[in-house]
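Reader: I'd like to learn how to read enclosed spaces and chain contacts in a model. Could you walk me through one?

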Amino acid sequence: MSWKNPSSKRIAALKVTLFTAALVPLAKLGHAAYTDSLGANPIEKITHLTGYWALTFLLITLSATPLRLLTGWSWWLRLRRMLGLFAFFYALLHVLTYLVLDQFFDWPAIAEDVFKRPYITVGFSVFLILLALAATSTNAMVRRLGGKRWQALHRWVYVAACGGVAHFIWLVKKDLTRPLTFAAILGLLLIVRLSRLLHSDK
Amino acid sequence: MMPIKPSEITPKAVFEARRDFMRGAGGALLAALWPGWLSAGEKWPDVKASAYKLDEELTPYKSVTEYNNFYEFGTSKDDPAARAASLNIRPWTVAVEGEVRKPKVFDIAELLKLAPQEERIYRLRCVEAWSMVVPWLGYSLAELLKRVEPTGNAKYVEFVSLHDTAQMPGQKYPVLDWPYREGLRIDEAMHPLTLLTFGLYGELLPKQNGAPIRVVVPWKYGFKSAKSIVKIRLVEKPPLTSWMKAGPSEYGFYANVNPDVDHPRWSQAKERRLGEFLKRKTLPFNGYAEQVAGLYSGMDLRENF
């Protein structure tokens, strides 16, 4: 059996492993909360960690195509939906942390944030995009929308990723090391695609 | 092995009383000779009662000393507590100079004894919208400034923090334009609330909190309170502070706590007191309006943010 054409059993095993691994950040967060080791400002820490993992999974999701191009293995794409849903899952936790723990349903303050503060406007928009993509992620939705329309909708993932990175850059007070690392990785992932596009045009 | 006879065992109460006595006597003796000998964990002797108290719950010592913004040691909140051990706080001197009749380089031991140490319980409000209540130890900055006799040209006071990449690893990165600089107008600096600070929770200031000497200006955002100060300059023009250089549209010279003036990227209307779940409303001048609002009469605090 080769890595180029793994059996469906092997893919299933890979998916289970990936699913478990993707829950590790949540488990670690839960453990830290349980043992009261989230530091002096736990809400801030939970917000940062869930946001970090949402963005990380978004970038991992976007690396499926570059990995296929670089390795020639097409099964990377079979993991993509699950990875994308984990990006949405952590983004959902991030938004819930903000709405419930941070603002505690203070709707006027939330509305002011969403409309007045660019990084929250962007972050909120990114969440709406991810919500639409997650909601249309089933096979039934692909059939209902039709392949072309479905694909056009799901191209919005690039907007979401750029928005997510911008959201991170914008909120940091001074030290941009981490958000710029995300930006660099995203840039790299986009360049791989772009060079492929330019190549196929010729 | 010989069994220990019960009569040979010092009762716990006697043992502890003896320890207390030795600690007290030793501490008092050392403090009299050289207050700088106090080390973290030892209680400060002879603390003067202060009128500046709050009827609010103190933020736990652990939070005060493990959740810090001190970019000289890194930009994460837990970096300073983890990395500040490399800071050398003895020997330490503070040069007080500029528009003064008697410029002087003060040794830290001299500064510790310059005026009686008071415990003052102040609110601390960070520009990031979290807050603490901290029992500081120190005396009014005015006590020091009076001794160098500011001239009529002394309109502002500039604070310069230590710049030494060997001791402050965060300074290897140009996060801010090192050394850290902060400033106050002379009347703000001379205000009795402005505290020259040497300790907290009855102990010597931990390194991550700005040892051995910092200022605390309770009605301003936390970044106005310069840490690990090596130089205090009295000057004629408003000094350009590190945060003003880093983001002139986001950090003004005054930085008075003001719930009505938002930071461009976040609201200042509310704050989270560390340890509390619900946010509370931020008070104008952090609750010190009665004492300090007069300093700014006639000024537009939206413009002079």
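Reader: Let's start with the lining of the largest cavity. How many nonpolar, polar and charged residues does the lining have?

Author: Keep in mind that this is a predicted model. Sorting a lining by residue class gives you a quick feel for the walls. Here the largest cavity is lined by 16 nonpolar, six polar and five charged residues.

Reader: Which residues lie nearest the centre of the largest cavity?

Author: B:Asn69, B:Phe70, B:Gly222, B:Phe223 and B:Lys227, out of a lining of 27 residues. The space in there is about 350 Å³. For secondary structure, look at strand E3 (118-125) and strand E4 (130-140) of chain B, which each give at least two lining residues. E4(B) has the largest share, with four residues.

Reader: And how many cavities of 30 Å³ or more does the rule count?

Author: Two. The second largest cavity holds about 40 Å³. Its lining is short enough to list: B:Ile89, B:Arg90, B:Leu112, B:Phe198, B:Leu204, B:Leu205, B:Ala211 and B:Pro212. By class that makes seven nonpolar, no polar and one charged.

Reader: On to open spaces. What volume does the second largest pocket have?

Author: For a pocket, go for volume, then lining, then the elements behind the lining. The second largest pocket comes to about 1100 Å³. Of its 34 lining residues, A:Thr65, A:Arg80, A:His154, A:Val157 and A:Tyr158 lie nearest the centre. Elements that give two or more residues to this lining include helix H3 (64-71), helix H6 (118-135) and helix H10 (177-201) of chain A. H4(A) gives the most, seven residues. The class split is 19 nonpolar, seven polar and eight charged.

Reader: Now the interface. How many residues does each chain bring to the contact?

Author: Chain A brings 22 residues and chain B brings 28. Then check the area: about 2000 Å² is buried between the two chains, with carbon and sulfur atoms giving 49%. A:Ala40, A:Lys173 and A:Lys174 supply 35% of what chain A buries against chain B, more than any other three residues.

Reader: How many salt bridges does the rule find across the interface?

Author: Seven. A:Lys45 and B:Asp78, for instance, meet through their side chains at 3.7 Å, N to O. Polar contacts get their own tally, 14 residue pairs between chain A and chain B, both partners at pLDDT 80 or more. On the side of chain A that touches chain B, helix H2 (42-62) and helix H4 (80-102) are among the elements giving two or more residues. By class, that side has nine nonpolar, two polar and 11 charged residues.

Terms used
Residues numbered from 1 in each chain as written. Chains lettered and ligands numbered in written order. Predicted model: local features only at pLDDT ≥ 70, side-chain atom pairs only at ≥ 80, totals over all residues. Heavy atoms only, no water. Contact = heavy atoms within 4.5 Å. Buried area = accessible area lost by both parts, 1.4 Å probe. Salt bridge = Lys/Arg side-chain N within 4 Å of Asp/Glu carboxyl O. Polar contact = N/O pair within 3.5 Å; in protein donor to acceptor, adjacent residues only side chain to side chain. Nonpolar A, V, L, I, M, F, W, Y, C, P; charged D, E, K, R; others polar. 1 Å grid on protein atoms, 1.4 Å probe; cavity = no way out; pocket = protein on both sides within 12 Å on 5 of 7 lines; lining within 4 Å. Points joined across faces, edges and corners; volume = space filled by probe spheres on them.
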